[in-house]
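Dear colleague,

Please find below the structure I agreed to pass on to you. My notes on it follow directly after.

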Amino acid sequence: MNGGPSGFTNAPVTRAFIVASVLFSIFFGIQGRFNTLGLSYQDVFGKLRLWKLIMSVLSFSSTSAMMFGLYLLYYFRVFERQIGSNKYTVFIMFSIITSLLLEVLAVALLKDHTANLVSPGPYGLVFASFVLFFFDIPVSTKFHVFGLHFSDKSFIYLAGLQLLLPSWKRSIFSGMCGILAGLLYRLNVFNIRKAKFPKFITSFCSWFLLPSMGSPRAASTSNIVRNIPSHPVHRMERNHAAPMQSAQEPSEDSITTLVSMGFDRNSARQALVHARNDVNVATNILLEAQSH
């Protein structure tokens, strides 16, 4: 599983967030201030260091945490491709704000005036994404090692475990808060999954920062199947005979599999109809259409 096409195609928000996280992590790393970024009771309720609330969601606390964290953020760009940059930005904001509020609540309840109880880094976003990953991304490959059951999703879970290991006593708080934020998002609390930023905000962002945020995704495959000449489709169907009936509506699992690869949902459904619900044939149709 690689989260779809390589690079940041159809994922400008992910790219911007990763760049910001890298820059802030390097900045504080050069200054040797990794250990000062964690949240403590004194920071939040004593000295009111509000800047730490912002930096704690962008800067990783170590090089190893940054490597695994950035890898996971990069992989989870698949969700931006699924729901679009606008709604994905809402997901980022909801995950970060909700997990941060939960972290502050945990710090307030524990009332430890000396220790940094919360590890810095975008743990809230990463582990909120794990909730969507668990429920919404299907398993495509299963295998056994020494009698243990694994799948292609197991490697992503292992990367998440590695993210927690360097400072697990502190990062466990952030991870749990992120999971809770992800569950609230998936439960559609306050109808959050349908929320979108107003058009004037997305227009400003598309002009100032994210060229693809306020408009349809740059490399979207919308209408791509519709524009495929009839002969490539028929040639594909002749070369890859599929056992499914041509009139059958594509299954939701097949559509989800193609969407997770970075294809537009409507185009994925149309390709599956042409391919008689054969995922491999539909993938070839979509790839051939992109090459035209």
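I begin with a hairpin: in the one formed by β1 and β2, two residues lie between the strands, and F146 adopts a positive phi near 55 degrees. Please bear in mind throughout that this is a predicted model.

The hairpin itself is built from strand β1, residues 142-145, and strand β2, residues 148-151. The two strands pair in the antiparallel sense, with four bridges between them. Two of the bridge partners may help you to set the register: K142 is matched with S151 in β2, and F143 is matched with F150 in β2.

Turning to the membrane annotation, the unreviewed UniProt entry records the feature "transmembrane region" at residues 12-30, 50-76, 88-110, 122-139 and 171-189. I looked at two of these spans in the model. Residues 122-139 are 78% helix and 0% strand, and the C-alpha atoms at the ends of the span are 26 Å apart. For residues 171-189 the share of helix is 84% and that of strand 0%, with 25 Å between the end C-alpha atoms.

Two helix packings involve α6, and I describe each in turn.

The first is with α1. Helix α1 covers residues 12-30 and helix α6 covers residues 85-110; their axes come within 9 Å and cross at roughly 40 degrees. The crossing angle therefore makes α1 oblique to α6. On the α1 side the contact involves P12, V13, T14 and F17, which meet S85, Y88, T89, I92 and I96 of α6. By class, this contact comprises six nonpolar and three polar residues, with no charged residues.

The second is with α7, which spans residues 123-136. Here the axes of α6 and α7 come within 8 Å and cross at roughly 115 degrees, and α6 passes α7 in a right-handed crossing. From α6 the contact draws on F91, I92, S95, I96 and S99, and from α7 on G124, L125, A128, S129 and L132. Six of the residues in this contact are nonpolar and four are polar, while none is charged.

When you inspect the model, I would suggest starting with I92 and I96 of α6, since these residues appear in the contact with α1 and also in the contact with α7.

With kind regards

Technical notes:
Residues numbered from 1 in each chain as written. Predicted model: local features only at pLDDT ≥ 70, side-chain atom pairs only at ≥ 80, totals over all residues. Heavy atoms only, no water. UniProt positions renumbered as here; feature names shortened; annotations may be inferred. Pairing = 2+ DSSP bridges. Axes fitted to C-alpha atoms, helices over the stretch in contact; angles between N-to-C directions. Parallel < 35°, antiparallel > 145°, perpendicular 65-115°, else oblique. Contact = heavy atoms within 4.5 Å. Nonpolar A, V, L, I, M, F, W, Y, C, P; charged D, E, K, R; others polar. Left-handed = near helix turned anticlockwise from the far one by under 90°.
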